[in-house]
Amino acid sequence: MNDQGRVPPIKVALLGCGTVGSEVVRLLTEQADELAARVGAPIELAGIAVRRPDKHPELPQELLTADAAELIDSDIDVVVELIGGIEPVRSWLLSALQKGKSVVTANKALLAEYSGELAEAADASGADLYFEAAVAGAIPLLRPLRESMAGDRITRVMGIVNGTTNYILSAMDSTGAGYAETLDEASRLGYAEADPTADVDGYDAASKAAILASLAFHTRVTAADVYREGIGGVSASDIVAARVLGRTVKLLSICERVIDEDGTESVSARVHPVMIPRSHQLAGVNGAFNAVYVEADAAGELMFYGQGAGGAPTASAVLGDLVAVARNRVVGGRGPRESAHAALPVSPMGRTLTRYHVSLDVADRAGVLAQVAQAFAAHDVSIAAVRQRDRHSTASLVIVTHLAPDAALRATVEEIGRLDVVREVVSVMRVEGED
(Lines give C-alpha, C1' and ligand atoms only; values in the text may rest on other atoms or scores of the structure.)
Protein backbone atom coordinates (compact mmCIF):
# COMPACT_ATOMS: atom_id res chain seq x y z
CA MET A 1 0.00 0.00 0.00
CA ASN A 2 2.97 2.34 0.40
CA ASP A 3 3.77 2.06 -3.33
CA GLN A 4 1.75 4.97 -4.76
CA GLY A 5 2.07 3.47 -8.22
CA ARG A 6 -0.18 0.58 -7.15
CA VAL A 7 -2.63 2.58 -5.08
CA PRO A 8 -5.58 4.01 -7.02
CA PRO A 9 -5.97 7.79 -6.80
CA ILE A 10 -8.36 9.44 -4.39
CA LYS A 11 -10.91 11.07 -6.69
CA VAL A 12 -12.28 14.42 -5.53
CA ALA A 13 -15.39 16.32 -6.64
CA LEU A 14 -15.24 20.06 -5.95
CA LEU A 15 -18.57 21.87 -5.53
CA GLY A 16 -18.10 25.59 -6.04
CA CYS A 17 -15.02 27.38 -7.34
CA GLY A 18 -15.02 30.93 -6.07
CA THR A 19 -12.27 32.61 -4.09
CA VAL A 20 -11.57 29.62 -1.85
CA GLY A 21 -12.28 26.95 -4.47
CA SER A 22 -9.86 28.45 -6.99
CA GLU A 23 -7.16 28.38 -4.31
CA VAL A 24 -7.95 24.73 -3.59
CA VAL A 25 -7.53 23.93 -7.29
CA ARG A 26 -4.23 25.81 -7.39
CA LEU A 27 -2.82 24.03 -4.33
CA LEU A 28 -3.96 20.62 -5.57
CA THR A 29 -2.14 21.28 -8.85
CA GLU A 30 1.03 22.91 -7.53
CA GLN A 31 1.52 20.52 -4.61
CA ALA A 32 0.30 17.32 -6.28
CA ASP A 33 3.48 15.30 -5.68
CA GLU A 34 3.88 16.41 -2.09
CA LEU A 35 0.22 15.77 -1.27
CA ALA A 36 0.46 12.31 -2.82
CA ALA A 37 3.47 11.55 -0.61
CA ARG A 38 1.57 12.66 2.50
CA VAL A 39 -1.55 10.71 1.64
CA GLY A 40 0.02 7.59 0.22
CA ALA A 41 -1.91 7.94 -3.03
CA PRO A 42 -2.43 10.63 -5.69
CA ILE A 43 -5.27 13.08 -5.17
CA GLU A 44 -7.12 13.47 -8.45
CA LEU A 45 -9.53 16.32 -9.10
CA ALA A 46 -12.26 14.44 -10.95
CA GLY A 47 -14.73 17.27 -11.51
CA ILE A 48 -15.70 20.82 -10.59
CA ALA A 49 -19.37 21.79 -10.30
CA VAL A 50 -20.11 25.47 -10.88
CA ARG A 51 -23.27 27.33 -11.76
CA ARG A 52 -21.91 28.73 -15.04
CA PRO A 53 -19.03 26.72 -16.51
CA ASP A 54 -18.54 29.30 -19.30
CA LYS A 55 -17.58 31.89 -16.67
CA HIS A 56 -14.46 29.92 -15.65
CA PRO A 57 -12.07 29.94 -18.63
CA GLU A 58 -9.11 29.66 -16.24
CA LEU A 59 -10.14 26.15 -15.13
CA PRO A 60 -9.63 22.86 -16.99
CA GLN A 61 -12.72 22.80 -19.18
CA GLU A 62 -12.95 19.01 -19.22
CA LEU A 63 -13.53 19.04 -15.44
CA LEU A 64 -16.35 21.59 -15.40
CA THR A 65 -20.02 20.73 -15.01
CA ALA A 66 -23.19 22.50 -13.97
CA ASP A 67 -24.70 19.26 -12.63
CA ALA A 68 -23.46 18.80 -9.07
CA ALA A 69 -25.77 15.85 -8.37
CA GLU A 70 -24.45 13.92 -11.37
CA LEU A 71 -20.85 14.62 -10.32
CA ILE A 72 -21.57 13.31 -6.82
CA ASP A 73 -23.09 10.15 -8.30
CA SER A 74 -20.01 9.50 -10.42
CA ASP A 75 -16.95 7.44 -9.45
CA ILE A 76 -15.52 9.80 -6.81
CA ASP A 77 -14.33 9.25 -3.24
CA VAL A 78 -14.54 12.69 -1.61
CA VAL A 79 -16.80 15.72 -2.04
CA VAL A 80 -15.31 19.12 -1.17
CA GLU A 81 -18.16 21.62 -0.79
CA LEU A 82 -17.43 25.37 -1.00
CA ILE A 83 -20.75 26.71 -2.26
CA GLY A 84 -22.42 27.71 1.00
CA GLY A 85 -26.08 28.03 1.88
CA ILE A 86 -28.55 25.33 2.86
CA GLU A 87 -30.36 23.88 -0.15
CA PRO A 88 -29.61 22.23 -2.49
CA VAL A 89 -26.25 21.72 -0.76
CA ARG A 90 -27.76 19.83 2.18
CA SER A 91 -29.39 17.31 -0.14
CA TRP A 92 -26.21 16.88 -2.17
CA LEU A 93 -24.02 16.25 0.86
CA LEU A 94 -26.53 13.86 2.44
CA SER A 95 -26.60 11.94 -0.83
CA ALA A 96 -22.80 11.78 -0.92
CA LEU A 97 -22.52 10.59 2.68
CA GLN A 98 -25.26 8.01 2.24
CA LYS A 99 -23.30 6.60 -0.70
CA GLY A 100 -20.21 6.30 1.51
CA LYS A 101 -18.40 9.26 0.01
CA SER A 102 -16.54 11.43 2.50
CA VAL A 103 -17.30 15.14 2.76
CA VAL A 104 -15.09 18.16 3.43
CA THR A 105 -17.07 21.38 3.84
CA ALA A 106 -16.57 24.99 4.92
CA ASN A 107 -20.33 25.61 5.16
CA LYS A 108 -20.90 27.04 8.64
CA ALA A 109 -24.56 27.91 8.03
CA LEU A 110 -25.35 24.34 7.01
CA LEU A 111 -23.39 22.81 9.89
CA ALA A 112 -25.01 25.13 12.42
CA GLU A 113 -28.41 23.79 11.42
CA TYR A 114 -27.87 20.23 10.17
CA SER A 115 -24.56 18.92 11.55
CA GLY A 116 -26.43 16.21 13.46
CA GLU A 117 -28.22 14.97 10.36
CA LEU A 118 -24.99 14.98 8.34
CA ALA A 119 -23.09 13.21 11.14
CA GLU A 120 -25.74 10.49 11.34
CA ALA A 121 -25.50 9.90 7.59
CA ALA A 122 -21.70 9.69 7.85
CA ASP A 123 -21.91 7.23 10.74
CA ALA A 124 -24.39 5.01 8.93
CA SER A 125 -22.20 4.65 5.84
CA GLY A 126 -18.76 4.79 7.46
CA ALA A 127 -17.81 7.99 5.64
CA ASP A 128 -15.88 10.95 7.05
CA LEU A 129 -17.28 14.43 7.68
CA TYR A 130 -14.61 17.14 8.16
CA PHE A 131 -15.22 20.89 8.48
CA GLU A 132 -12.15 22.69 9.89
CA ALA A 133 -12.53 25.63 7.48
CA ALA A 134 -16.09 26.39 8.66
CA VAL A 135 -15.14 28.49 11.69
CA ALA A 136 -11.82 30.31 11.66
CA GLY A 137 -10.18 30.05 8.25
CA ALA A 138 -6.60 28.83 8.51
CA ILE A 139 -6.60 28.59 12.31
CA PRO A 140 -6.38 24.96 13.50
CA LEU A 141 -9.21 25.16 16.01
CA LEU A 142 -11.91 22.56 15.46
CA ARG A 143 -9.56 19.61 15.27
CA PRO A 144 -7.92 20.48 18.63
CA LEU A 145 -11.39 20.77 20.19
CA ARG A 146 -12.57 17.58 18.50
CA GLU A 147 -9.44 15.46 18.96
CA SER A 148 -6.55 16.97 20.95
CA MET A 149 -8.80 18.03 23.85
CA ALA A 150 -11.12 15.02 23.71
CA GLY A 151 -9.77 13.87 27.09
CA ASP A 152 -10.23 17.23 28.79
CA ARG A 153 -13.28 19.07 30.12
CA ILE A 154 -13.71 22.38 28.31
CA THR A 155 -15.50 25.03 30.35
CA ARG A 156 -15.44 28.08 28.07
CA VAL A 157 -14.76 29.05 24.47
CA MET A 158 -14.70 32.78 23.75
CA GLY A 159 -13.44 34.46 20.64
CA ILE A 160 -13.43 36.78 17.68
CA VAL A 161 -14.64 34.67 14.77
CA ASN A 162 -15.74 37.28 12.23
CA GLY A 163 -13.08 39.34 10.50
CA THR A 164 -15.42 41.96 9.04
CA THR A 165 -16.85 43.07 12.38
CA ASN A 166 -13.42 42.95 14.01
CA TYR A 167 -11.99 45.17 11.28
CA ILE A 168 -14.82 47.68 11.75
CA LEU A 169 -14.58 47.81 15.55
CA SER A 170 -10.77 48.00 15.42
CA ALA A 171 -10.96 50.89 12.96
CA MET A 172 -13.55 52.71 15.08
CA ASP A 173 -11.26 52.33 18.09
CA SER A 174 -8.16 53.62 16.28
CA THR A 175 -9.73 56.45 14.27
CA GLY A 176 -12.67 57.60 16.40
CA ALA A 177 -14.98 57.32 13.38
CA GLY A 178 -18.61 56.23 13.61
CA TYR A 179 -20.07 52.89 12.60
CA ALA A 180 -21.66 53.89 9.28
CA GLU A 181 -18.59 55.57 7.83
CA THR A 182 -16.31 52.77 9.00
CA LEU A 183 -18.58 50.16 7.40
CA ASP A 184 -18.44 52.14 4.13
CA GLU A 185 -14.65 52.16 4.30
CA ALA A 186 -14.56 48.43 5.06
CA SER A 187 -16.72 47.81 1.97
CA ARG A 188 -14.46 49.97 -0.19
CA LEU A 189 -11.37 48.06 0.96
CA GLY A 190 -13.00 44.66 0.43
CA TYR A 191 -13.29 43.73 4.12
CA ALA A 192 -17.09 43.79 3.97
CA GLU A 193 -19.41 42.11 1.46
CA ALA A 194 -21.73 44.10 -0.78
CA ASP A 195 -24.47 42.90 1.58
CA PRO A 196 -22.76 42.79 5.00
CA THR A 197 -25.87 41.69 6.92
CA ALA A 198 -24.63 38.20 7.82
CA ASP A 199 -21.47 39.67 9.30
CA VAL A 200 -22.53 42.91 10.99
CA ASP A 201 -25.80 41.50 12.39
CA GLY A 202 -23.97 38.56 13.94
CA TYR A 203 -25.46 35.69 11.92
CA ASP A 204 -22.07 34.46 10.73
CA ALA A 205 -20.62 34.52 14.23
CA ALA A 206 -23.72 32.81 15.66
CA SER A 207 -23.35 29.90 13.23
CA LYS A 208 -19.73 29.52 14.25
CA ALA A 209 -20.65 29.73 17.94
CA ALA A 210 -23.12 26.86 17.44
CA ILE A 211 -20.36 24.71 15.91
CA LEU A 212 -17.89 25.59 18.68
CA ALA A 213 -20.40 24.90 21.47
CA SER A 214 -21.40 21.58 19.91
CA LEU A 215 -17.78 20.39 19.78
CA ALA A 216 -16.66 21.81 23.11
CA PHE A 217 -19.58 20.54 25.18
CA HIS A 218 -20.53 17.32 23.32
CA THR A 219 -24.02 18.68 22.74
CA ARG A 220 -25.96 19.50 19.60
CA VAL A 221 -26.30 23.29 19.49
CA THR A 222 -27.90 25.02 16.51
CA ALA A 223 -27.72 28.64 15.38
CA ALA A 224 -31.25 29.13 16.72
CA ASP A 225 -29.95 28.28 20.21
CA VAL A 226 -27.39 31.11 20.08
CA TYR A 227 -28.37 34.53 21.42
CA ARG A 228 -27.35 37.12 18.83
CA GLU A 229 -26.74 40.87 18.65
CA GLY A 230 -24.82 42.64 15.90
CA ILE A 231 -22.60 45.73 15.95
CA GLY A 232 -24.98 48.18 14.25
CA GLY A 233 -25.79 49.82 17.59
CA VAL A 234 -22.15 50.43 18.58
CA SER A 235 -21.42 54.15 18.44
CA ALA A 236 -18.24 56.21 18.57
CA SER A 237 -19.27 57.29 22.08
CA ASP A 238 -19.41 53.62 23.15
CA ILE A 239 -15.82 53.21 21.96
CA VAL A 240 -14.79 56.32 23.91
CA ALA A 241 -16.62 55.10 27.02
CA ALA A 242 -14.80 51.78 26.80
CA ARG A 243 -11.45 53.56 26.47
CA VAL A 244 -12.17 55.61 29.60
CA LEU A 245 -12.60 52.33 31.47
CA GLY A 246 -9.38 50.91 30.00
CA ARG A 247 -11.39 48.66 27.67
CA THR A 248 -12.11 48.11 24.01
CA VAL A 249 -15.19 46.82 22.18
CA LYS A 250 -15.22 43.46 20.37
CA LEU A 251 -17.95 41.27 18.90
CA LEU A 252 -17.43 38.01 20.77
CA SER A 253 -18.82 34.53 20.45
CA ILE A 254 -19.06 33.19 24.00
CA CYS A 255 -19.86 29.54 24.73
CA GLU A 256 -19.88 28.37 28.34
CA ARG A 257 -20.61 25.33 30.43
CA VAL A 258 -23.02 26.59 33.10
CA ILE A 259 -23.54 24.89 36.46
CA ASP A 260 -26.60 25.88 38.51
CA GLU A 261 -26.71 25.94 42.30
CA ASP A 262 -28.22 22.45 42.34
CA GLY A 263 -25.37 21.11 40.20
CA THR A 264 -27.39 20.91 36.98
CA GLU A 265 -25.28 21.58 33.89
CA SER A 266 -26.31 23.44 30.76
CA VAL A 267 -24.74 25.26 27.83
CA SER A 268 -24.83 29.00 27.17
CA ALA A 269 -24.03 30.29 23.68
CA ARG A 270 -24.19 33.96 22.73
CA VAL A 271 -22.84 36.54 20.28
CA HIS A 272 -22.85 40.26 21.07
CA PRO A 273 -20.62 43.34 21.41
CA VAL A 274 -18.60 43.33 24.63
CA MET A 275 -16.34 45.73 26.47
CA ILE A 276 -13.19 43.81 27.44
CA PRO A 277 -10.07 45.03 29.28
CA ARG A 278 -7.24 46.15 27.00
CA SER A 279 -5.03 43.78 28.95
CA HIS A 280 -7.05 40.75 27.77
CA GLN A 281 -5.45 38.57 25.08
CA LEU A 282 -8.37 39.17 22.72
CA ALA A 283 -8.16 42.97 23.01
CA GLY A 284 -5.03 43.11 20.86
CA VAL A 285 -6.56 41.12 18.00
CA ASN A 286 -7.15 43.77 15.36
CA GLY A 287 -8.06 44.09 11.71
CA ALA A 288 -9.54 41.06 10.00
CA PHE A 289 -7.77 38.52 12.21
CA ASN A 290 -9.58 35.93 14.34
CA ALA A 291 -8.68 34.55 17.76
CA VAL A 292 -10.37 32.08 20.07
CA TYR A 293 -9.67 31.73 23.79
CA VAL A 294 -10.33 28.29 25.31
CA GLU A 295 -10.47 27.37 29.00
CA ALA A 296 -10.32 23.73 30.13
CA ASP A 297 -9.88 21.93 33.45
CA ALA A 298 -6.55 20.26 32.67
CA ALA A 299 -5.12 22.30 29.79
CA GLY A 300 -5.90 25.62 31.46
CA GLU A 301 -6.05 28.64 29.16
CA LEU A 302 -5.25 28.35 25.43
CA MET A 303 -5.50 30.85 22.60
CA PHE A 304 -5.73 30.18 18.86
CA TYR A 305 -4.89 33.12 16.57
CA GLY A 306 -4.46 33.75 12.87
CA GLN A 307 -6.02 34.53 9.50
CA GLY A 308 -9.72 33.91 9.88
CA ALA A 309 -10.77 34.34 6.26
CA GLY A 310 -9.48 34.79 2.73
CA GLY A 311 -8.96 32.45 -0.18
CA ALA A 312 -5.53 30.99 0.57
CA PRO A 313 -5.89 30.75 4.38
CA THR A 314 -9.28 29.01 4.13
CA ALA A 315 -8.00 26.74 1.35
CA SER A 316 -5.18 25.70 3.69
CA ALA A 317 -7.74 24.38 6.18
CA VAL A 318 -9.71 22.66 3.40
CA LEU A 319 -6.58 20.92 2.12
CA GLY A 320 -5.71 19.82 5.66
CA ASP A 321 -9.10 18.13 5.92
CA LEU A 322 -8.78 16.65 2.46
CA VAL A 323 -5.40 15.09 3.29
CA ALA A 324 -6.85 13.58 6.50
CA VAL A 325 -9.88 12.16 4.67
CA ALA A 326 -7.74 10.82 1.82
CA ARG A 327 -5.36 9.12 4.26
CA ASN A 328 -8.31 7.40 5.91
CA ARG A 329 -9.43 6.18 2.49
CA VAL A 330 -5.99 4.76 1.74
CA VAL A 331 -5.48 2.91 5.04
CA GLY A 332 -9.12 2.00 5.62
CA GLY A 333 -9.50 4.15 8.73
CA ARG A 334 -12.05 6.71 9.89
CA GLY A 335 -11.86 10.16 11.35
CA PRO A 336 -13.55 11.19 14.61
CA ARG A 337 -17.29 10.77 14.76
CA GLU A 338 -19.79 13.18 16.25
CA SER A 339 -19.64 13.39 20.03
CA ALA A 340 -23.00 14.56 21.36
CA HIS A 341 -23.28 12.20 24.31
CA ALA A 342 -23.64 14.95 26.93
CA ALA A 343 -26.86 16.28 25.35
CA LEU A 344 -26.90 19.25 27.74
CA PRO A 345 -29.83 21.66 27.65
CA VAL A 346 -29.17 25.13 26.24
CA SER A 347 -29.63 27.83 28.84
CA PRO A 348 -31.70 30.84 27.72
CA MET A 349 -29.96 34.21 27.58
CA GLY A 350 -32.10 35.53 30.41
CA ARG A 351 -30.47 33.12 32.87
CA THR A 352 -26.93 33.88 31.74
CA LEU A 353 -24.84 35.85 34.23
CA THR A 354 -23.52 39.02 32.61
CA ARG A 355 -22.44 42.55 33.51
CA TYR A 356 -23.75 45.77 31.98
CA HIS A 357 -22.26 49.17 31.16
CA VAL A 358 -25.21 51.60 31.14
CA SER A 359 -24.91 55.22 29.99
CA LEU A 360 -27.75 57.60 30.89
CA ASP A 361 -28.65 61.23 30.28
CA VAL A 362 -30.40 62.37 33.45
CA ALA A 363 -31.78 65.55 34.97
CA ASP A 364 -29.19 67.52 36.92
CA ARG A 365 -30.90 67.65 40.29
CA ALA A 366 -30.71 66.09 43.72
CA GLY A 367 -31.95 62.55 44.25
CA VAL A 368 -31.42 61.29 40.68
CA LEU A 369 -28.75 58.76 41.60
CA ALA A 370 -30.87 57.49 44.48
CA GLN A 371 -33.83 56.80 42.16
CA VAL A 372 -31.64 55.05 39.63
CA ALA A 373 -29.95 52.99 42.35
CA GLN A 374 -33.34 52.01 43.73
CA ALA A 375 -34.33 50.58 40.32
CA PHE A 376 -31.19 48.43 40.32
CA ALA A 377 -31.85 47.26 43.87
CA ALA A 378 -35.47 46.37 43.01
CA HIS A 379 -34.17 43.77 40.56
CA ASP A 380 -31.39 42.58 42.86
CA VAL A 381 -28.66 43.98 40.60
CA SER A 382 -25.57 45.23 42.38
CA ILE A 383 -23.73 48.35 41.14
CA ALA A 384 -19.94 48.02 40.82
CA ALA A 385 -19.05 51.58 39.75
CA VAL A 386 -20.70 54.93 39.01
CA ARG A 387 -19.39 57.95 37.11
CA GLN A 388 -21.26 61.26 36.81
CA ARG A 389 -20.59 64.38 34.75
CA ASP A 390 -22.69 67.55 34.98
CA ARG A 391 -23.65 69.35 31.77
CA HIS A 392 -25.88 72.47 32.20
CA SER A 393 -29.41 71.22 32.99
CA THR A 394 -28.55 67.55 32.36
CA ALA A 395 -25.94 65.12 33.61
CA SER A 396 -24.30 62.03 32.21
CA LEU A 397 -24.49 59.00 34.47
CA VAL A 398 -22.50 55.84 33.73
CA ILE A 399 -23.10 52.68 35.74
CA VAL A 400 -21.20 49.39 35.60
CA THR A 401 -22.87 46.44 37.32
CA HIS A 402 -21.70 43.28 39.02
CA LEU A 403 -22.71 39.91 37.57
CA ALA A 404 -26.45 39.31 37.45
CA PRO A 405 -28.90 37.30 35.33
CA ASP A 406 -29.30 39.01 31.97
CA ALA A 407 -33.08 39.09 32.36
CA ALA A 408 -32.73 41.05 35.60
CA LEU A 409 -30.36 43.51 33.96
CA ARG A 410 -32.71 44.00 31.02
CA ALA A 411 -35.66 44.57 33.35
CA THR A 412 -33.61 47.11 35.30
CA VAL A 413 -32.72 49.08 32.17
CA GLU A 414 -36.36 49.09 31.05
CA GLU A 415 -37.48 50.43 34.44
CA ILE A 416 -34.77 53.08 34.45
CA GLY A 417 -35.90 54.22 31.01
CA ARG A 418 -39.36 54.96 32.44
CA LEU A 419 -38.08 57.18 35.26
CA ASP A 420 -38.97 60.89 34.97
CA VAL A 421 -35.41 61.88 35.91
CA VAL A 422 -33.91 59.83 33.02
CA ARG A 423 -34.02 61.71 29.75
CA GLU A 424 -32.44 58.97 27.67
CA VAL A 425 -30.81 55.56 28.01
CA VAL A 426 -27.90 56.43 25.71
CA SER A 427 -26.32 53.00 25.44
CA VAL A 428 -26.23 49.57 27.05
CA MET A 429 -23.35 47.16 26.50
CA ARG A 430 -22.23 43.99 28.19
CA VAL A 431 -18.89 43.82 30.00
CA GLU A 432 -16.54 40.84 30.24
CA GLY A 433 -13.40 40.37 32.32
CA GLU A 434 -12.17 41.91 35.53
CA ASP A 435 -11.65 45.66 35.89
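The legends below describe close-up views of a predicted model.

**View 1. The open sheet of six strands.** In this predicted model, six strands form an open sheet whose order is 3-2-1-4-5-6, and the pairing between them is parallel. Strand 3 (64-65) and strand 6 (129-130) stand at the edges, and because each has a single partner strand, one side of each is left without a neighbour in the sheet. Within this order strand 4 follows strand 1 and is itself followed by strand 5, and the pairing of strand 4 with strand 5 is taken up in the next view.

**View 2. Strands 4 and 5, side by side.** Strand 4, which covers residues 78-81, runs parallel to strand 5, which covers residues 102-105, and four bridges join the two. Across this pairing, Val-80 has Val-104 of strand 5 standing opposite.

**View 3. The cis peptide bond that leads into Pro-88.** Most peptide bonds are trans. The bond from Glu-87 to Pro-88, however, is cis in this model, with omega near 10°. Pro-88 lies in the loop that connects strand 4 with helix 4.

**View 4. A salt bridge between helix 4 and helix 5.** Side chains of opposite charge can pair when their charged atoms come close. Here Arg-90 and Glu-117 form a salt bridge in which the closest N and O atoms are 2.8 Å apart. The pair links distant parts of the chain, since Arg-90 belongs to helix 4 (residues 89-98) and Glu-117 to helix 5 (residues 108-125), with their positions 27 residues apart in numbering. The structure as a whole holds 30 salt bridges.

**View 5. Helix 5 against helix 11.** Two packed helices are described by the angle between their axes and the distance between the axes. For helix 5 and helix 11 (residues 203-217), the axes come within 8 Å and cross at roughly 45°, which means that helix 5 is oblique to helix 11. The crossing of these two helices is left-handed. On the helix 5 side the contact is made by Lys-108, Ala-109, Leu-111 and Ala-112, which meet Asp-204, Ser-207, Lys-208, Ala-210 and Ile-211 of helix 11. By character, the residues of this contact divide into five nonpolar, one polar and three charged.

**View 6. Helix 8 against helix 9.** The axes of helix 8 (residues 163-175) and helix 9 (residues 179-189) come within 9 Å and cross at roughly 125°, so that helix 8 is oblique to helix 9. The handedness of this crossing is right-handed. Tyr-167, Ile-168, Ala-171 and Met-172 are the residues of helix 8 that meet helix 9, where their counterparts are Tyr-179, Thr-182, Leu-183, Glu-185, Ala-186 and Leu-189. The residues of the contact comprise eight nonpolar, one polar and one charged.

**View 7. Helix 1 against helix 13.** Helix 1 (residues 19-30) and helix 13 (residues 311-331) have axes that come within 8 Å and cross at roughly 60°, so helix 1 is oblique to helix 13. This crossing is right-handed. From helix 1, Thr-19, Val-20, Glu-23, Val-24, Leu-27 and Leu-28 meet Gly-311, Ala-312, Thr-314, Ala-315, Val-318, Leu-319 and Leu-322 in helix 13. Nine nonpolar, three polar and one charged residue make up the contact of helix 1 with helix 13.

**View 8. The backbone at Ala-343.** Most residues other than glycine have a negative phi. Ala-343, although not a glycine, has a positive phi of about 45°. This residue is found in the loop between helix 13 and strand 13 (353-363).

Notes: Residues are numbered from 1 along each chain as its sequence is written. This is a predicted model: local features need pLDDT of at least 70, side-chain atom pairs count only at pLDDT 80 or more; totals for chains, interfaces and linings use all residues. Side-chain values use heavy atoms; hydrogens and water are left out. Two strands pair if DSSP finds at least two bridges between them. Axes are lines fitted to C-alpha atoms, for helices over the stretch in contact, and angles run from 0 to 180 degrees between N-to-C directions. Angles under 35 degrees count as roughly parallel, over 145 as roughly antiparallel, 65 to 115 as roughly perpendicular and the rest as oblique. A crossing is left-handed if the near helix is turned anticlockwise from the far one by less than a right angle, and right-handed if clockwise. Contact means heavy atoms within 4.5 Å. Ala, Val, Leu, Ile, Met, Phe, Trp, Tyr, Cys and Pro count as nonpolar, Asp, Glu, Lys and Arg as charged, and the others, Gly among them, as polar. A salt bridge is a side-chain nitrogen of Lys or Arg within 4 Å of a carboxyl oxygen of Asp or Glu.
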